[in-house]
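Work through the exercises below with the sequence and the 3D view at hand. Try each task before reading its solution.

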Amino acid sequence: MRRRNVLKLGGALFLTPTLSTVGGAESRNIDEKSAGVLTQIGRYESGVYNEDAAEIPTYDANTERAFVVDANETAVDVLNLSDPSAPTLVDSIRITDVWSNPGPANSAAARDGVVAVAVAADPETLPGRIFFYDTESLDLLNSITVDILPDMVTFTPDGKSLLVACEGEPNDSYDRDPRGSVNILDVSSGVQNVAVSTAGFQKFDSEAAALRKKGVRIYGPDATVAQDLEPEYIAVSDDSKTAYVVLQENNAIAVVDIDAASVRDIVPLGCKNFSLPGNALDAIDDGRIDIETQPLFGIYQPDSIDAYTVDGETYLVTANEGDPRGYDGFTEFGVLVEENGTFGLDTDDDGGIDVSIDESRFDRSTLSSLEGLEVSTDLGDVNDDGKLEELYIYGGRSFAIWRPTDDGIELVFESGDMIESVIADLISDGTFPEAAFNTGSDSIELDEESPAAGPEPEGVAVGNVDGIDYAFIGLEEIGGIMVFDISTPQEPVFIEYANNRIFDFAELGLTGSDPDLADALESGELEAGAAGDLAPEGLTFVPAEDSPIDNSLLIVANELSGTTTVYEATKM
């Protein structure tokens with residue numbers, strides 16, 4: 001592996017690469033003494049571990065406040081960022097003050113003195129609500145009933161509309177599966193005078209077979225297209241005319257005409273071939289770092305998405321997390337096991353084979369090494385003989401850049417094996433201990449996530465810093481933010497990796513023969529934020545013109561550690 005220089009700035013680790021090409025993204029030479037794009041300048045600790053106390057952040061320039069969703073408490077913490085180096089809690093907006101029995105708060109978006117909060121019902125299969133608050137007084141301005149399970153909200157760039165991704169997830173027994181939809185709230189006359197339109201999917205119900213044929217995953221038990229599609233996250237074009245809505249479980253993007261409140265198209269994202277050079281991964285839990293090509297396919301299934309414009313064209317950036325459905329009433333994945341000399345998938349955790357694999361398509365030693373891998377039971381039976389001839393895993397362990405076209409959406413860049421390779425190089429350089437590689441979000445254990453999510457790219461934010469477009473990619477399992485210059489969408493440049501996690505048990509004061517980070521955090525032996533930021537969930541970029549200081553900011557909410565971290569973003 002190529003050696004890389006490492007700088008330590010503002011309490012976070014920053015990787016600066018030598019010249020190389022990794023996973024298709026070029027890396028550039030950087031002076032060892034130069035600062036990175038990100039410098040950690042502030043951090044707020046809620047003191048709450050593993051209760052989703054910091055999920056989604058948003059920022060209001062009028063009041064210089066950040067609003068951070070606390071899903072578990074159905075609340076939004078209001079942080080004063082007038083001095084972003086010292087975030088302080090102003091108050092908490094508690095939805096239970098105005099709704100007696102809500103479900104979780106899922107998302108928030110602030111703009112021009114108003115913050116909109118998306119809240120699910122209890123049970124979540126009932127219609128949810130959007131609450132509008134004044135960002136200064138925190139007074140409730142209005143509440144609007146929307147469709148089922150509002151999962152993400154965002155204002156259009158012109159501020160005239162608030163878009164709501166209503167996921168419509170089934171209940172756990174999968175005997176109630178609501179329709180997914182996108183609600184479009186016209187707020188152009190003020191949030192006290194909201195008009196609601198719905199871009200639904202019912203018109204595609206008769207096209208299920210055609211959608212499946214082109215690669216859209218429609219597979220829930222007895223579900224119509226509208227029931228099966230689950231809007232997750234939204235990006236909007238600069239002209240505020242088109243929304244691009246991630247349908248994560250379905251591995252697709254819906255293209256929405258905002259003015260017409262209509263879904264124009266549903267575009268499949270395809271799959272990643274991990275057997276190709278540059279697409280390697282570590283899928284093996286063997287206590288070693290082995291990034292290798294494998295006879296596997298990855299279902300992209302992005303979580304977050306953002307949009308930006310280059311030379312008048314819109315581009316989309318996705319964090320390709322992967323997310324299988326797992327309910328009491330329906331599970332779509334199994335674990336690769338060997339039983340009596342035969343390989344197959346165990347779907348009920350009893351060690352037995354429930355789904356067969358056509359072993360003639362694979363090398364037995366490869367299958368043996370991949371034991372424990374999470375594999376789709378829905379895909380891979382190429383000839384309909386009841387056996388899997390191909391193995392599909394969840395996520396791409398990557399980020400990708402896409403270009404909308406008249407015919408759909410074109411993949412212009414995919415980061416290949418770059419994310420895992422960068423982390424492996426950091427370990428090779430001695431920056432991180434070996435145990436950090438593919439560790440879990442609240443563990444320190446080498447390879448724990450290799451058969452599952454790997455580093456798990458989940459959050460993404462795009463921001464322009466002094467004329468350069470950057471993508472900030474949050475890695476949910478290992479933690480930290482990877483930064484890429486995406487000014488040329490076809491040739492992104494890796495810039496740095498910022499991660500303030502502590503991966504040394506001794507440094508954390510945990511001793512004994514088998515220390516356990518999660519247990520120490522759960523028991524209170526360690527404070528919630530003591531090990532650094534765990535599980536970055538939501539990222540918000542604040543441009544310099546809206547920032548309380550001269551430079552741009554990146555605000556990151558970390559759901560396990562319950563921390564909100566503020567980075568200053570400056571040009572290299």
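**Exercise 1.** Which residues are linked with Arg43 in a network of salt bridges?

Solution. The model is predicted, so local features need pLDDT of at least 70, side-chain atom pairs count only at pLDDT 80 or more, and totals for chains, interfaces and linings use all residues. Residues are numbered from 1 along each chain as its sequence is written, and side-chain values use heavy atoms, with hydrogens and water left out.

Step 1. Start from the term: a salt bridge is a side-chain nitrogen of Lys or Arg within 4 Å of a carboxyl oxygen of Asp or Glu.
Step 2. Look at Arg43 and Asp533, whose side chains form a salt bridge at 2.8 Å from N to O.
Step 3. Place the two residues: Arg43 is in strand S5 (residues 38–45), while Asp533 is in the loop between helix H6 (517–523) and strand S38 (536–542), 490 residues apart. Helices (H or I, at least four residues) and strands (E, at least two) are DSSP runs, numbered from the N terminus.
Step 4. Add Glu45: the network consists of Arg43, Glu45 and Asp533.

**Exercise 2.** Arg43 and Asp533: classify each as buried, partly exposed or exposed.

Solution.
Step 1. Buried means under 20% relative accessible area, exposed over 50%, and partly exposed in between (1.4 Å probe, protein chains only).
Step 2. Arg43 has 24% relative accessibility, so Arg43 is partly exposed.
Step 3. Asp533 has 4%, so Asp533 is buried.

**Exercise 3.** The whole structure holds 20 salt bridges. Describe the one between Glu332 and Arg217, then the one between Lys272 and Glu414.

Solution.
Step 1. In the pair of Glu332 and Arg217, the closest N and O atoms are 2.7 Å apart. Glu332 is in the loop between strand S25 (313–320) and strand S26 (333–339), and Arg217 is in the loop between helix H1 (208–214) and helix H2 (225–228), so this pair ties together parts 115 residues apart in sequence.
Step 2. Glu332 is buried at 0% relative accessible area, and Arg217 is buried at 5%.
Step 3. For Lys272 and Glu414, the closest N and O atoms are 3.1 Å apart. Lys272 belongs to strand S22 (residues 271–273) and Glu414 to strand S33 (residues 408–414), so the pair ties together parts 142 residues apart in sequence.
Step 4. Lys272 is buried at 2%, and Glu414 is buried at 13%.

**Exercise 4.** How many residues of strand S19 are buried, and which strands does S19 pair with?

Solution.
Step 1. Six of the six residues of S19 (residues 242–247) are buried.
Step 2. In a regular strand the side chains alternate between the two faces of the sheet. Thr242, Tyr244 and Val246 are buried on one side of S19, and Ala243, Val245 and Leu247 are buried on the other.
Step 3. Two strands pair if DSSP finds at least two bridges between them. Strand S18 (residues 231–236) runs antiparallel to S19 and is joined to S19 by five bridges; Val236 stands opposite Ala243.
Step 4. Strand S20 (residues 252–257) is also antiparallel to S19, with six bridges, and Tyr244 stands opposite Val255.
Step 5. The hairpin of S18 and S19 has five residues between the strands, and there Ser240 takes a positive phi near 65 degrees. The hairpin of S19 and S20 has four, and Asn251 takes a positive phi near 55 degrees.
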